[in-house]
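The reader is invited to consider how the helices of a protein chain pack against one another and where its aromatic rings meet. The explanation proceeds from helix pairs to individual residues.

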Amino acid sequence: MPLSKAHKARTRDDIVRSAGREFRRAGFEAASVDALMAGAGLTRGGFYAHFESKEELFATVVATDHGLIRMLAARRAATAAAWRRVTLKLLRDYLAADHLGEVSANCSFAALTADASRGSASVRAAYARAFDQLVSELLRRCGESAAAAAARATSGQRAAASQVAVLAIGSLVIAAALGPGPAARASLEGAWTVVQRLLSAPA
């Protein structure tokens with residue numbers, strides 16, 4: 001009996017989630033198709049029913065699998081002041097040195113930016129779409145959609161949100177390369193100081 005479209009979609013989602021975990025753990029080059037499929041409870045034989053290549057799957061992960069975007073999208077608050085507090089706490093936790101391992105394991109911005117920079121044009125385009133989505137989430141106000149925020153924002157607001165995104169991602173990439181210790185902590189604390197100032201600036 002042919003598999004239903006819903007079942008195929010669920011299986012594809014399982015593969016993407018497994019691939020995200022494995023790519024973030026091992027990097028694009030070292031992650032094998034066998035490992036990506038095993039993490040989803042599947043065998044290599046089913047891979048090509050969903051993706052033409054490992055690179056296509058990597059582009060999908062880079063476009064869609066980002067812990068920071070998920071956390072920002074899940075924000076809830078009743079007032080603008082509460083919204084700001086939630087946003088600041090989220091980014092404070094994201095840039096905490098003690099959370100570096102957890103963030104790298106769950107956010108593709110933190111773990112896969114370098115791999116994406118060496119990827120094909122389609123991979124870099126996927127990364128750019130995700131970055132734009134991140135900026136829109138950072139621009140979003142209480143009760144507003146990300147699309148509305150992107151349409152409403154001034155060039156100055158967009159530039160400030162982009163700076164927040166660059167500082168957060170860049171400091172995490174550097175901290176991960178440095179490894180646990182004072183230098184990594186200083187990288188993250190320095191980024192947090194500037195991020196806090198940017199988010200506190202008048203709209």
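The paragraphs below treat helix packing, a central helix number by number, and then the aromatic pairs. The model is a predicted one.

Helix α10, residues 155-178, and helix α11, residues 182-200, offer a starting point: their axes come within 8 Å and cross at roughly 170 degrees. An angle over 145 degrees counts as roughly antiparallel, and α10 and α11 are therefore roughly antiparallel to each other. On the α10 side the contact is formed by A160, Q163, V164, L167, S171, L172, I174, A175 and L178. The α11 side contributes A183, A184, S187, L188, A191, V194, V195, L198 and L199. Sorted by class, this contact of α10 with α11 contains 15 nonpolar residues, three polar residues and no charged residues.

Helix α10 also meets α7, in another orientation. The axes of α7 and α10 come within 9 Å and cross at roughly 75 degrees, which makes α7 roughly perpendicular to α10. Here F109, A110 and T113 of α7 meet I169, L172 and V173 of α10. The residues of this contact of α7 with α10 comprise five nonpolar, one polar and no charged. L172 appears in the contact of α10 with α11 and also in that of α10 with α7.

Attention now turns to helix α8, which covers residues 121-139. How far apart should the ends of α8 be at 1.5 Å a residue? Its 19 residues should span 27 Å, and the end C-alpha atoms of α8 are 27 Å apart, so expectation and model agree. The buried residues of α8 are V123, A126, Y127, A130, F131, L134, V135, S136, E137, L138 and L139. Their cover includes α3 (54-64), α4 (67-73), α5 (80-94), α7 (108-117), α9 (146-152) and α10.

Two of these buried positions of α8 can be followed further. S136 has a relative accessible area of 10% and is therefore buried; setting aside residues up to four places away in sequence, S136 touches A146, A149 and A150. E137, also buried, lies 67 residues from R70 in sequence, while the C-alpha atoms of E137 and R70 are 9.5 Å apart in space. R70 belongs to helix α4 and is partly exposed, because its relative accessible area is 42%. Apart from neighbours within four places in sequence, R70 is in contact with D65 and N106.

The aromatic rings complete the picture. A pair of aromatic rings is described by the distance of the centres and the angle of the planes. The model has six aromatic pairs. One of them joins F28 and F58, a tilted pair with 4.9 Å centre to centre and 45 degrees between the planes. F28 lies in the loop between α1 (5-26) and α2 (33-38) and F58 lies in helix α3, so the pair ties together parts that are 30 residues apart in sequence. Both F28 and F58 are buried, and together with F23 they form one aromatic cluster.

F47 and Y48 form an edge-to-face pair, with 4.9 Å centre to centre and 85 degrees between the planes. Is each of these partners buried or exposed? F47 counts as buried because its relative accessibility is 0%, whereas Y48, with a relative accessible area of 52%, is exposed.

Technical notes
Residues numbered from 1 in each chain as written. Predicted model: local features only at pLDDT ≥ 70, side-chain atom pairs only at ≥ 80, totals over all residues. Heavy atoms only, no water. Axes fitted to C-alpha atoms, helices over the stretch in contact; angles between N-to-C directions. Helix = DSSP H or I, 4+ residues; strand = E, 2+ residues; numbered from the N terminus. Parallel < 35°, antiparallel > 145°, perpendicular 65-115°, else oblique. Contact = heavy atoms within 4.5 Å. Nonpolar A, V, L, I, M, F, W, Y, C, P; charged D, E, K, R; others polar. Buried < 20%, exposed > 50% of the residue type's maximum accessible area, 1.4 Å probe, protein only. Expected span 1.5 Å × (residues − 1). Phe/Tyr/Trp six-rings, centres within 6.5 Å; stacked < 30°, edge-to-face > 60°.
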